[in-house]
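Dear colleague,

Please find below the structure that I am handing over to you, together with its sequence. I should be grateful if you would read the notes that follow it.

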Amino acid sequence: MGRELLDLREELLFGLRLLDDDFDDPVAVAEQVEMVGGVAGGMSAATRLRRLDPTAAIIVLERSKYVSYANCGLPYYVGGVIADQASLLLQTPASLDARFDLDVRVGTEAVAIDPIAQTVTARNVASGELTTLSYDALVLSPGAETIKPPIPGIDLAMPLRTVEDMDALIERVGRKPKHVTVIGGGFIGVEVVENLRHLDIEVTLVEAAPQVLAPIDPEMVGQVHKVLVANGVDLRLNAQAAAIEHDAVVLASGDRIETELTVVAIGVRPDTTLAKQIGLEIGPRGGISVDEFNRTSVKTIYAIGDVAEKRDALDGSAVLVPLANIANRHGRVVADHIAGITPRPVPAQVTAIVKVFHMAVASTGWNEKRLKAAGRPYIAIHTHPGQHAGYYPGQDLMMLKLLVDPETQQILGAQGVGVDGVDKRIDVIATAMKGGITAPELMDLELAYAPPFSSAKDPVNMLGYIADNIATGQTKIVHWDDVTELQAAGTPIIDVRTAFEHKRGSIPNTLNIPVDELRARIGEIPKGKVVVYCAVGQRGHTAAMFLNRLDYDAYNLDGGYKTWSNSPARA
Ligand code: FAD
């Protein structure tokens, strides 16, 4: 359908819904709408509402000096990768007024709400002047605040959330510190680290957990640690910052890191200051509790973005998802609802990606840690495919992981780590999850192929083939974290790679019988349970099927030596 036709259809639907008496209780007629926060969520809601409603008075209150800025680009401006600050500042109050007739007030903070009188008190940050504004509908999108651990000297650590934070950080980095410490190895922490290294600054990354990037499972993140270290980052895992001084960060272990500047990036929490003032219901995860249309416990007040809890796409539980896509999407949900359109509820699947030097790390859905903690059954599948055909120059291997419900074959989550092509695969899987495509059905997807781009069996198809082999009982697998227990139980583990590969590195105490020699050397393998492994799982699959035909109880090591050797099992 052409764009004009779609627009016309939308207008007609809009008109019809305004006449629909059964409509799920929108804000009666919203002549005056206020947004608190003028970036991802707030500005999406404001501009969408204007497209739907040409006459409503829409006021956007934004505490900072900037509106609609690209906070996701801030680390790259610090590192000089993005050279032009203006490119981060997507709109100005004047441009938003000209195009959308929005009354955008920067440097203006919402300081109080009266939900009975339906008013907001706005304070001019520079002058302190207070103004009272009436609303028919109020949208809260104030975002999140940086979590600052309660340790001595924490106020010396600089956050990175706003353009003002970025300017302050650039000013300090401009004084050419030799060494900076970043506390927190989440997405933003890792981005800051990379950008500081880009400026040739020595960096220590302090992370309390045994790994960076918490959404990624431990066997997937090993490569990320290697990349950080290879790029000169002093990576301190299992390290807790205990105090920050002007020239040092002191760790709980007693270690002292001499440093000129500290950045804190241990995560964010919903900024519920206003919500708590007026007693809006706060959910179990500490965000504002909202219904499927993002209405809070006061029906004329909506909440979106980092401040609001989301409904998890898998189990419907409350989750916090401080990501831009869903903040924007919920902005549209809210604008539609205010305008009288019944929007489709948008649960959170949680799809994310981050660049770590030359690598991409991406995930969608649940990870194995979370599935385990929830006691939910799953099968994990690991592969190490190239982003394109091996015979085409420049192939790089990536690492993919798929998590599957063993009963229904529903895809529960996926992760990818690699140089090239990870984004495409995770996005395809995320789309499949949204569409309810099962794991074996991934092999049926007809994906674009020519040698520079993919293989005739795309890595996503391969995951589907493996899922199907498992679902139909053709393959039985064990995982990297089963190996120690299997060896303790005396199960023979056979390396079916070549003698050369085995010599270059293998799982300790494993017998090497290359797959092509299995027939000839079958007498060396005692009957019963046996595990085989190869580099990535493909030759292992052939070997296991061969052994099972000979009445062995053979299992293939999922993801092969590559997965095992990247995992904590190797340590
Ligand atoms: P925000 O976009 O943070 O906007 C909230 C605004 O509200 C702020 O400008 C604040 O000044 C204003 N405000 C707060 N209180 C008041 C008040 N009382 N009165 C008036 N104004 C107020 N997400 C991704 O998906 N991918 C990424 O790569 C990514 N990178 C990021 C990098 C950085 C450095 C940061 C900080 C965030 C990143 N995010 C990323 C997260 C993403 O930017 C947020 O999830 C998204 O912006 C949330 O939108 P929001 O509207 O809830 O809040």
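The notes below deal with the ligand and its surroundings, and then with one pair of helices.

Please bear in mind that this is a predicted model.

The ligand is surrounded by 29 residues, and the closest of these are Gly41, Glu62, Ser141, Asp306 and Ala324. By class, the shell around the ligand consists of 16 nonpolar, 8 polar and 5 charged residues. Helix H2 (40-52), strand S2 (57-62), strand S4 (108-114) and helix H9 (324-339) each contribute at least two residues to this shell. Strand S4 gives the most, with 3 residues.

Several polar atoms of the ligand are placed close to those of the protein, as follows.

- A nitrogen atom of the ligand lies 3.0 Å from a polar backbone atom of Arg63.
- A nitrogen atom of the ligand is 2.9 Å from a backbone N or O atom of Ala110.
- An N or O atom in the side chain of Asp306 lies 2.8 Å from an oxygen atom of the ligand.

On its own, the ligand has 990 Å² of accessible area, of which the protein covers 91%.

As to the helices, the axes of H11 (residues 422-435) and H12 (residues 459-471) come within 9 Å and cross at roughly 50°. H11 and H12 are therefore oblique to each other. In their contact, Arg425, Val428 and Ile429 of H11 meet Pro459, Val460 and Leu463 of H12. This contact of H11 with H12 comprises 5 nonpolar residues, no polar residues and 1 charged residue.

Yours sincerely,

A colleague

How values were computed. Residues are numbered from 1 along each chain as its sequence is written. This is a predicted model: local features need pLDDT of at least 70, side-chain atom pairs count only at pLDDT 80 or more; totals for chains, interfaces and linings use all residues. Side-chain values use heavy atoms; hydrogens and water are left out. Axes are lines fitted to C-alpha atoms, for helices over the stretch in contact, and angles run from 0 to 180 degrees between N-to-C directions. Helices (H or I, at least four residues) and strands (E, at least two) are DSSP runs, numbered from the N terminus. Angles under 35 degrees count as roughly parallel, over 145 as roughly antiparallel, 65 to 115 as roughly perpendicular and the rest as oblique. Contact means heavy atoms within 4.5 Å. Ala, Val, Leu, Ile, Met, Phe, Trp, Tyr, Cys and Pro count as nonpolar, Asp, Glu, Lys and Arg as charged, and the others, Gly among them, as polar. A residue is near a molecule or strand if one of its heavy atoms lies within 4 Å of it. A polar contact is a pair of N or O atoms within 3.5 Å; within protein, one must be able to donate a hydrogen and the other to accept it, and residues adjacent in sequence count only if both atoms are side-chain atoms. Accessible areas come from the Shrake-Rupley method with a 1.4 Å probe; for residues, only the protein chains shown count as cover.
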